[in-house]
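Reader: Hello! I would like a close look at one part of this protein, the open sheet, and then a friendly walk outward to a few residues elsewhere. Could you take me through it?

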Amino acid sequence: MGYYFDAKNTRKVVSDNFNTVRELFRLSTPKLTDLAQPITKIPYSKFRRLMGGERDISVEELNTLYELLAVPPTTFMFPWSIPMPTGRTGLFAKGEKQVANPIFDSIGTPVFPYEISGKENWLPAQLICRALTSSEILFALKGFRGTSRLLYFEDMLQEMALRHAKELFPINQYKAAFRALYDRYPAQEDGSLLISDVADYLTYFGHALLEYMRKEATLNLYQQLVKASKESMFMRCYGDRAFSSAFQLWMYDDNPLDTLFQLVGYAGVPPFDSLVRISKPLGKENELLTMTAKDSSNGSTLCSVTIPFSYQKWFSGTMPTTVTISGLQGKTPESNINEIVIWEGEIYEELYDKESRNPPYRRFPYLYPVLTTPK
């Protein structure tokens, strides 16, 4: 324990960490006292003495600061830098050098409880948790002072937001599905498609369609969290710079081919109608996307393919709580079918608005996630 923490300087370590955290949030001690009152009645005098290193921090105060600021107790308790281990030779043999405290990497980052934060605070809280449990970031913060420290922390939070956006949506998998469709069925000079195997075509088209639906559902989730965060403590301190560009990574496609406009073409060009059915079988883990090709002239079914997918795995990254499909809300299975239909219809009509000159973006609202509040 002594390697990570000097018991003689317990109060000084806690006081230094406490004052740095206050500075990062631009909070005076009276202001912090006021904000903490709805959680715990901690008087100003206790925070003042804690600021001056005159007393130990209590469990009650650690819990209150975690709930209010999303700063885990370990961030206050352990030093953000420690002396270089003894017995080294060479460059660091003389004089005491400070290094990042590895205990933070060993402990890791807790997932901030959604029950505490609610939708409006969860994403900022999670980013702060990540930043202030990183040994590298804490060590760097220890070396900065004043405005430089604040700017560095803001930059790190922006980086955390970008990293979270990358984890939330697998952009490479998305691009691969579209590229597979383009390579398998390239457009001819006249814009037509050479389709000899309708089932094979529906399979490739269905996988690309599913990836686009996943992107729209994930983007909606991120927008829900960012929109709700406008009133959070983080937003009041730093504005929205950390969020403004994070989801741009996959909100707009890098390649013009990787867009909904291409899906419109692949839905409208073939000499048959493509019908889509999205359903949830009762008692089953996965959802189903069923693609059916019907002859445009007489309506007869040419073939049908079914692609299973896991809606929950769309959101398998760090999440605040469980999600449900908005299209399932208020629906019950038909008496003769052991599944709930989320949506079904002709996919070209769904993708393309005939009253508009250009195909608009459609957001598949029946696949938007609904965040479940734990009881």
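Author: Happily; what follows starts with the protein as a whole, turns to the sheet, and then visits some helices and loops.

Please keep in mind that this is a predicted model. The protein has 17 helices and eight strands. Of its 375 residues, 47% count as buried. The accessible surface comes to about 18500 Å², and carbon and sulfur atoms make up 52% of that surface. If we take the contacts with a separation of 6 or more, 68% of them link residues 24 or more positions apart.

Now to the sheet you asked about. How many strands does the open sheet have, and in what order do they come? There are four, in the order β5-β4-β3-β7, and their pairing is antiparallel. The edge strands are β5, covering 301-309, and β7, covering 339-346; each of these pairs on one side only. From one strand to the next, the twist averages 20°.

Let us begin at the β5 edge. Strand β4, residues 287-295, runs antiparallel to β5, and eight bridges join the two. For a concrete place to look, take Thr-292: its bridge partner in β5 is Ser-304. Cys-303 is worth a glance too, since its relative accessibility of 18% lies under the 20% cut-off and it therefore counts as buried.

At the other edge, strand β7 holds Val-341. Is Val-341 buried or exposed? Val-341 is buried, because its relative accessible area is 17% and the cut-off for buried is under 20%. Which residues does Val-341 touch, once those up to four places away in sequence are set aside? They are Arg-277, Ile-278, Ser-279 and Lys-331. One of these, Ile-278, is 63 residues from Val-341 in sequence, yet the two C-alpha atoms are 6.1 Å apart in space.

From the sheet we can move to the helices, starting with α1, residues 10-24, where Thr-20 has its place. Thr-20 has a relative accessibility of 10%, so it counts as buried. A polar atom of the Thr-20 side chain lies 2.9 Å from the backbone oxygen of Asp-16. Beyond its neighbours within four places in sequence, Thr-20 is in contact with Trp-80 and Arg-149.

Following the chain onward brings us to Arg-26, in the loop between α1 and α2, the latter being residues 29-36. Arg-26 is not a glycine, yet it has a positive phi of about 55°. With a relative accessible area of 43%, Arg-26 is partly exposed.

A second positive phi sits at Ala-70, at about 65°, and here too the residue is not a glycine. Ala-70 is found in the loop between α4, residues 59-69, and α5, residues 73-77. What is the accessibility class of Ala-70, and why? Ala-70 is buried, because its relative accessible area is 3%. If you are checking backbone torsions, Arg-26 and Ala-70 make a handy pair to view: Arg-26 is partly exposed, whereas Ala-70 is buried.

Helix α4, on one side of the Ala-70 loop, also contains Leu-62. Leu-62 has a relative accessible area of 9%, so it is buried. Leaving out residues up to four places away in sequence, Leu-62 touches Ile-57, Pro-73, Phe-76 and Met-77. Pro-72 is 10 residues from Leu-62 in sequence, and their C-alpha atoms are 7.7 Å apart.

The last helix on our walk is α8, residues 122-131. How many of the residues of α8 are buried? The count is 10 of 10, so to speak a helix that is mostly covered. The buried residues include Trp-122, Leu-123, Pro-124 and Ala-125 toward the start of the numbering, and Gln-126, Leu-127, Ile-128, Cys-129, Arg-130 and Ala-131 after them. Among them, Cys-129 counts as buried because its relative accessibility is 0%.

That leaves one matter for the cysteines. A disulfide is a covalent bond between the sulfur atoms of two cysteines. How many disulfides does the count give for this model? The count comes to zero, taking a pair of cysteine sulfur atoms within 2.5 Å as the rule. Both Cys-129 and Cys-303 count as buried.

Definitions and conventions:
Residues numbered from 1 in each chain as written. Predicted model: local features only at pLDDT ≥ 70, side-chain atom pairs only at ≥ 80, totals over all residues. Heavy atoms only, no water. Pairing = 2+ DSSP bridges. Axes fitted to C-alpha atoms, helices over the stretch in contact; angles between N-to-C directions. Buried < 20%, exposed > 50% of the residue type's maximum accessible area, 1.4 Å probe, protein only. Polar contact = N/O pair within 3.5 Å; in protein donor to acceptor, adjacent residues only side chain to side chain. Contact = heavy atoms within 4.5 Å. Areas by Shrake-Rupley, 256 points an atom, 1.4 Å probe, with all protein chains shown as cover.
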